[in-house]
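Me: I would like to go through this model step by step, from the overall fold to the aromatic side chains. Please keep the replies short.

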Amino acid sequence: MRVAVLATDGVEQVELDRPWQALEEAGALPELVSLEAGEITAYDHIDKGGSRKVDAVVGSADPDDYGALVLPGGVINGDFVRADADAVAFVKAFFEAGKPVAAICHAPWVLAEADVVRGRRMTSWPSLQTDLRNAGATWVDEEVVVDGNLVTSRKPDDLDAFGAAIVEQFAAADTAEDEEN
C-alpha cells in the first residue's frame, strides 16, 4: 500500500520518522507529500532537525494514488498545512473516499480545517481540544483513539501505540481493498 505522509517545514521529526518506519516495517510504501517541491526541514520541538526529500507536491498529488494518509504533528507543520487550500482538499478527499487517516499531536488542526471531525471521537495535543470540540468532535485524553477510519494520538510519548494502531488499521483497509478487487 502506498501511504501519503503530508508534512512541511516544522514537522516534528520523531512524529514523521517513527510512523514512517512502522509503515515501512509493515511493508507499506510511505511517500512524503508536501506543499512545495524539494526538501522539508523537520524540528525537534523548537530546534531544527533533519531534512527529508519531498516525493510529491500536494497541489498535483492525486489522493486516488494512495491507500491511506498520515498527518504528523508539529505546531509549525500543523498550522502551515491547515492554511494551504490544496492540502485541506487533499485531506478531505481521503475522508470522502473512506480511506484510513492517522493524525498525531497538532495535526488534527488540519482535520478541523477540512471539516471532517464533526461527530468523531478523537484525541490530540491537549491545547487543540477546544478547537476540536468547536469543530464538532468529542475530544478525549487517551494515548490513541480509533474512530472508524480515523486514528488519532496525543504526543511523541504515544508513538508506539500510534504506530501499532496505524499499521493495524491500514492493513485492515488494504486487505478489504484486495478482497474487493
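Me: How many helices and strands does the protein chain have?
Reply: This is a predicted model. In the protein chain, the strands number eleven. They are accompanied by helices, of which there are six.

Me: What radius of gyration does the protein chain have, and what would a compact globule have?
Reply: The C-alpha trace spans about 45 × 35 × 30 Å along its principal axes. For 181 residues, a compact globule would have a radius of gyration near 16 Å, and the value for the protein chain agrees with this. That value is 15 Å.

Me: Which percentage of the residues in the protein chain is buried?
Reply: A residue counts as buried under 20% relative accessible area. Applied to the 181 residues of the protein chain, this gives a buried share of 51%.

Me: Among contacts between residues at least 6 apart in sequence, what share joins residues at least 24 apart?
Reply: The contacts in question are those in the protein chain whose partners are at least 6 apart in sequence. Of these, the share joining residues at least 24 apart is 63%.

Me: How much of the exposed area do carbon and sulfur atoms supply?
Reply: The protein chain exposes about 8,200 Å². The part supplied by carbon and sulfur atoms is 44%.

Me: How far apart are the mean positions of the positive and negative charges?
Reply: The protein chain carries 14 positive and 35 negative charges. Taking the mean position of each set, the separation is 5 Å.

Me: How many aromatic pairs are there, and what is the geometry of Tyr66 and Phe90?
Reply: The count comes to two aromatic pairs. In one of them, the ring centres of Tyr66 and Phe90 are 6.2 Å apart and the planes stand at 75°. Planes over 60 degrees apart count as edge-to-face, so the Tyr66 and Phe90 pair is edge-to-face.

Me: Where in the chain do Tyr66 and Phe90 lie?
Reply: The two residues are 24 apart, and their pair links distant parts of the chain. Tyr66 sits in the loop between β5 (56-57) and β6 (68-71), whereas Phe90 belongs to helix α3 (residues 85-96).

Me: What is the geometry of the Phe90 and Phe94 pair?
Reply: Phe90 and Phe94 are four residues apart in helix α3, about one turn of the helix. Their ring centres are 5.1 Å apart with planes at 65°, so the geometry is edge-to-face.

Me: Is Phe94 buried or exposed?
Reply: Phe94 forms one aromatic cluster with Tyr66 and Phe90. Tyr66 and Phe90 are both buried, with Phe90 at 3% relative accessibility. Phe94 has 1% relative accessibility and therefore counts as buried.

How values were computed:
Residues numbered from 1 in each chain as written. Predicted model: local features only at pLDDT ≥ 70, side-chain atom pairs only at ≥ 80, totals over all residues. Heavy atoms only, no water. Rg over C-alpha atoms; globule rule 2.2 N^0.38 Å. Buried < 20%, exposed > 50% of the residue type's maximum accessible area, 1.4 Å probe, protein only. Contact = heavy atoms within 4.5 Å. Areas by Shrake-Rupley, 256 points an atom, 1.4 Å probe, with all protein chains shown as cover. Lys, Arg positive; Asp, Glu negative; His and termini not counted. Charge placed at Lys NZ, Arg CZ, Asp CG, Glu CD. Phe/Tyr/Trp six-rings, centres within 6.5 Å; stacked < 30°, edge-to-face > 60°.
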